Amino acid sequence: MSFCLFSNIITRQVFGRRISGDGEYRSSKYYSLLREIFYLLGGFILGDFFPMMEWLDVLTGTRARLERSFYAMDELLEEEIEKHMQGGGNCDDFMTILLGLRNDPTRGFPLSRDHIKAIALDMFAAGSDPSVITLDWGMTELMRNPTIMKNAQDEVRGFLGNKGKVEESDIQQLHYLKLVVKEVLRLYPPGPLLIPRECVQDCKINGYDIPKKTRAYINAWAINRDSRYWQHAEVFMPERFKDNDIDYKDQHFRFLSFGSGRRICPGMSMGVIAVELALANLLYWFNWDLPAGMSKEDIDMEEQFGLGMHRKSPLILVATPMSLPPKLPL
Ligand code: HEM
C-alpha cells in the first residue's frame, strides 16, 4: 500500500491522476509494471557493477525482462501523451506543461516526445521507491526502539489532538518526527551507492590511479555510518540531529542520502515531506505491535542487495486503529 501511495503521488503530478482507485491498485496495469521496473532498477544487475560481465545478464534472462518492461512502459507513456494531446490532462500536471513547452521558441533546444517520455519515466523510477524504502525502515527502527516510537507518537497525537487528519501544513510543527526521518535516512539511504558516475578525466584518489571513463560508485551507506563523523554511528538516535546544522544538503559530505553536487536528488524536499506525512499518519492513526510471540530482537534487519536498499523480508506488524474521542460540536 505504501508503494501505491507514493506512486499515486507521482502519477498525480505527472499525469494528473492516480494509478488506481482505492483498494484496486493490485489489478492496475501500472501497478504490476511499476513493480517490475522497480525490481529491475533496484535489484542486483551484474552489468551495473561489472560492465565487463554484462553478457551474463543476457544468459540469466534479465536483459529480456528489461526490454519487455521498457516496451510496455513506452506503450503506456505513449497512451498518456495521446490522451494529454487530446485534452485529457489537468492544466497543471507535468505532462501537460512539458507538451506545452514542446514548441516554445524561447527554449534553446526542442523538447521531443522522447525527452518527455524520459522525464516522466525518470520521475517514476526515482520518485516513489526511495520513499517506500524509507517508510519501511522507519517503521522497522521505531518497532525496535519503543521509547523513540512513543516520543514520536506522543508528539504527533499531542499536536493533532482529535483533528482526525494529518495535513502537510502540520508537519512543520512535528520537530521530533523530522529528526526520526533524518536518522532513518542516515542509516538506510535508499540508494546506498547513489547513481553511478563516470570519471571525465584521469585522477588519483588515495594513491590509486583512476583512469578517465571509469565507472565510479560513491558508498553513501558507509559514509553515513562512518565513526569518524558520527558518534555511536550504528545506533538509531534521532536526537543526534537536534542541535546541529547537519542537513540533507550537507556541505561536508558526511550525510549523502540524497547524493551531492550537480546530480543531487531534485526531488529531495518532496521526498522528505511525503515520507514525514505518511509516517505521521501511521503513528497518528494506529498503535503498532509485533505479531504475537515475536520480540523486537527477532526483527530481521537484513538488507536486499542491489541499487535500492529494500528490506530483505517484509516487515509484518499488527496495526490497531486508534479511537478518537468524539468531536465537539462547533
Ligand atoms: C526519500 C526520498 C528520496 C530519496 C532518499 C532520494 C534519493 C536520491 C538519490 C541518492 C539520488 C542520486 C543522487 C546522486 O547520485 O548524487 C536521487 C536522484 C534522483 N531523484 Fe531522488 N530521492 C528521493 C525522492 C525523490 C522524489 C520524490 C523524486 C521526484 C519526484 C526524485 C527524483 C529524482 C531524480 C529525477 C533523480 C535523478 C537526478 C539526476 O540524475 O540528475 N527523488 N535521488
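## Cysteine 265 and its contacts

In this predicted model, cysteine 265 is in contact with Phe258, Gly259 and Gly271, leaving aside residues up to four places away in sequence. Cysteine 265 is located in the loop that runs between helix H12 (220–224) and helix H13 (268–285).

The residue counts as buried because 22 C-beta neighbours lie inside 10 Å, and the cut-off for that class is 20 or more. In UniProt, an unreviewed entry lists Cys265 under "binding site".

## The shell around the ligand

Cys265 also belongs to the surroundings of the ligand: together with Ala126, Gly259, Gly267 and Gly271, Cys265 comes nearest among the 25 residues there. Two of these names, Gly259 and Gly271, are also contacts of cysteine 265.

Three helices, H7 (113–127), H8 and H13, each supply at least two residues of the shell. Helix H7 makes the greatest contribution, with four residues. Classified by residue type, the shell comprises 14 nonpolar, nine polar and two charged residues.

## Helix H8

Helix H8, one of the contributors to the shell around the ligand, spans residues 129–144 and has 16 residues. From its first C-alpha to its last, H8 reaches 23 Å, close to the 22 Å expected at 1.5 Å a residue.

The helix is mostly covered, with 12 of its 16 residues buried. The buried positions include Asp129, Pro130, Ser131, Val132, Ile133, Thr134 and Leu135. Trp137, Gly138, Met139, Thr140 and Leu142 are buried as well.

Notes
Residues are numbered from 1 along each chain as its sequence is written. This is a predicted model: local features need pLDDT of at least 70, side-chain atom pairs count only at pLDDT 80 or more; totals for chains, interfaces and linings use all residues. The expected span of a helix is 1.5 Å times one less than its number of residues. UniProt positions are given in the numbering used here, feature names are shortened, and annotations may be inferred rather than shown by experiment. Two residues are in contact if their C-beta atoms, placed from the backbone, lie within 7 Å. A residue is near a molecule or strand if its C-beta atom, placed from the backbone, lies within 6 Å of it. Ala, Val, Leu, Ile, Met, Phe, Trp, Tyr, Cys and Pro count as nonpolar, Asp, Glu, Lys and Arg as charged, and the others, Gly among them, as polar.
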